[in-house]
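The following exercises practise the reading of a protein model. Please attempt each task before studying its solution.

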Amino acid sequence: MRRLRNRLAGALLSVLALTLTATGCGGSSGAASDAASDAASDAGTGSGAAAGRDPVADRVEPLAKTPEPKLPVTVRSADGEEVTVERAERVVPLSGSLSEIVFTLGLGDRVVARDVTATFEQAARLPVVTRGHDVSAESVLSLRPDLVIAETTTGPEEAVGQIRAAGVPVLFVEAARGLQDVGPRIQAVADALGVPAAGRELTQRSEDRITAVRADVEDVSPGDRPRVAFLYLRGSASVYLIGGEDSGAGSLIEAAGAVDAGAASGLEKDFTAITSEALVKAAPDAILVMSKGLESVGGVDGLVQIPGVAQTPAGMDRRIVSVEDGVLLNYGPRTDQVLKSVVAQLYGGNGERGERGERGERGERGDGSEGGDR
């Protein structure tokens with residue numbers, strides 16, 4: 001997720017610059033940076049009404065047996081440094097995905113702070129020390145951590161350097177790019193916490209569950225695979241982007257037995273501003289969005305008003321797949337649930353998924369049961 005938020009912040013700055021140039025409006029670079037930061041932070045706060053129909057559990061599922069860390073250990077950080085962990089009584093993961101891994105390993109009682117993207121129930125009451133790409137060294141150090149776990153994209157570098165300079169071990173974990181990263185990220189965190197066997201167990205559990213979901217779509221023939229476009233939407237900032245080859249969503253879309261419409265249409269960048277031409281070329285049969293983004297444009301009714309959307313097969317059929325922001329691209333222990341949600345929405349609605357989404361936003365699920373926020 002953090003890799004996604006960093007890319008989106010950069011893309012947003014570019015879009016804002018183009019907007020200001022086209023309209024002739026003035027504005028400071030500071031204001032643009034603030035807007036980019038707000039959008040990046042929003043990417044991790046997917047509660048909203050649309051989440052009422054999202055089957056991804058709001059809780060993580062810890063391993064049945066709580067492991068006992070065997071420390072000290074020395075591990076190699078993704079930035080090349082050797083990191084020695086003496087204790088792990090007070091742990092600060094600097095992303096929602098990393099928090100999810102620690103809690104699912106069964107060591108959540110050792111976590112003393114969270115990133116704004118750690119929205120699952122067990123972590124919700126922890127103090128926030130990271131917001132988007134904005135780590136507060138002072139806030140982290142005030143919690144007297146034994147170990148800080150960060151993404152390779154965590155920043156600013158000065159803040160992370162300040163934490164290390166204070167003598168706190170900082171482990172960097174490679175940012176997630178796809179399903180292939182689930183296991184290595186779990187194991188990297190588990191090794192640093194002194195519970196390598198638990199890491200192997202959780203990796204196996206996660207991969208087995210993902211495999212089970214993928215088996216449900218193995219019989220979809222290549223000619224029948226729906227084309228899915230990943231759109232990043234922030235209506236309040238007039239940001240409408242379509243994902244390309246490096247959006248981070250391609251792996252998930254392909255695992256759901258579908259085709260990444262943006263990448264297949266030749267979009268090589270991670271994100272590109274939406275145009276009618278780009279959407280027509282992508283010709284998606286379904287559109288994948290974050291639930292907070294869908295809410296920000298006024299739900300499905302608002303989404304189809306974006307130029308070009310109504311002219312696509314997805315727009316005409318109102319075939320929208322929506323998953324909570326905080327878990328969509330985490331590529332962690334709950335990824336099987338995310339994949340299951342995407343598969344269910346893609347193949348279970350026959351083009352009516354968008355209408356069900358609208359009813360869900362009014363507190364009623366598509367099956368007639370009560371929805372609403374969790």
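**Exercise 1. A sheet and its helices**

Across which strands does α6 lie, and at about what angle does α6 run to β7?

Solution. The model is a predicted one.

Step 1. Identify the sheet: three strands form an open sheet in the order β3-β6-β7, and their pairing is parallel. Its edge strands are β3 (91–93) and β7 (170–173), each of which pairs on one side only. From one strand to the next, the twist averages 15°.

Step 2. Examine one pairing: strand β6 (residues 147–151) and β7 are joined in the parallel sense over four bridges. Within this pairing, leucine 171 in β7 is the bridge partner of isoleucine 149.

Step 3. Place the helices: α6 lies across β6 and β7 and runs at about 165° to β7. Helix α3 (residues 96–107) lies across β3, β6 and β7, at about 130° to β6.

**Exercise 2. One residue of α6**

Determine whether glutamine 187 counts as buried or exposed, and describe its surroundings.

Solution.

Step 1. Locate the residue: glutamine 187 belongs to helix α6, which spans residues 182–192.

Step 2. Apply the cut-off: a residue is buried under 20% relative accessible area. Glutamine 187 counts as buried because its relative accessibility is 17%.

Step 3. List the contacts: leaving aside residues up to four places away in sequence, glutamine 187 touches Pro196, Gly199, Arg200 and Thr203. A polar atom of the glutamine 187 side chain lies 3.1 Å from the backbone oxygen of proline 196.

**Exercise 3. The partners of β8**

Establish with which strands β8 pairs in the parallel sense, and with which in the antiparallel sense.

Solution.

Step 1. Find the parallel pairings: β8 pairs with strand β10 (residues 259–260) over two bridges, and arginine 227 stands opposite valine 259 there. With strand β12 (residues 286–290), β8 forms three bridges, and valine 228 stands opposite alanine 286.

Step 2. Find the antiparallel pairing: β8 and strand β9 (residues 239–243) share four bridges, with leucine 231 opposite isoleucine 242. The two strands form a hairpin with four residues between them, and serine 238 in the turn has a positive phi of about 55°.

Step 3. Consider burial: seven of the eight residues of β8 (residues 227–234) are buried.

**Exercise 4. Helix α15**

Explain why α15 is described as largely enclosed.

Solution.

Step 1. Describe the helix: α15 (residues 335–347) has 13 residues and reaches 18 Å from its first C-alpha to its last.

Step 2. Draw the conclusion: ten of those 13 residues are buried, so the rest of the structure largely encloses α15. Among them are Thr335, Leu339 and Val343.

Terms used: Residues numbered from 1 in each chain as written. Predicted model: local features only at pLDDT ≥ 70, side-chain atom pairs only at ≥ 80, totals over all residues. Heavy atoms only, no water. Buried < 20%, exposed > 50% of the residue type's maximum accessible area, 1.4 Å probe, protein only. Pairing = 2+ DSSP bridges. Polar contact = N/O pair within 3.5 Å; in protein donor to acceptor, adjacent residues only side chain to side chain. Contact = heavy atoms within 4.5 Å. Expected span 1.5 Å × (residues − 1). Axes fitted to C-alpha atoms, helices over the stretch in contact; angles between N-to-C directions.
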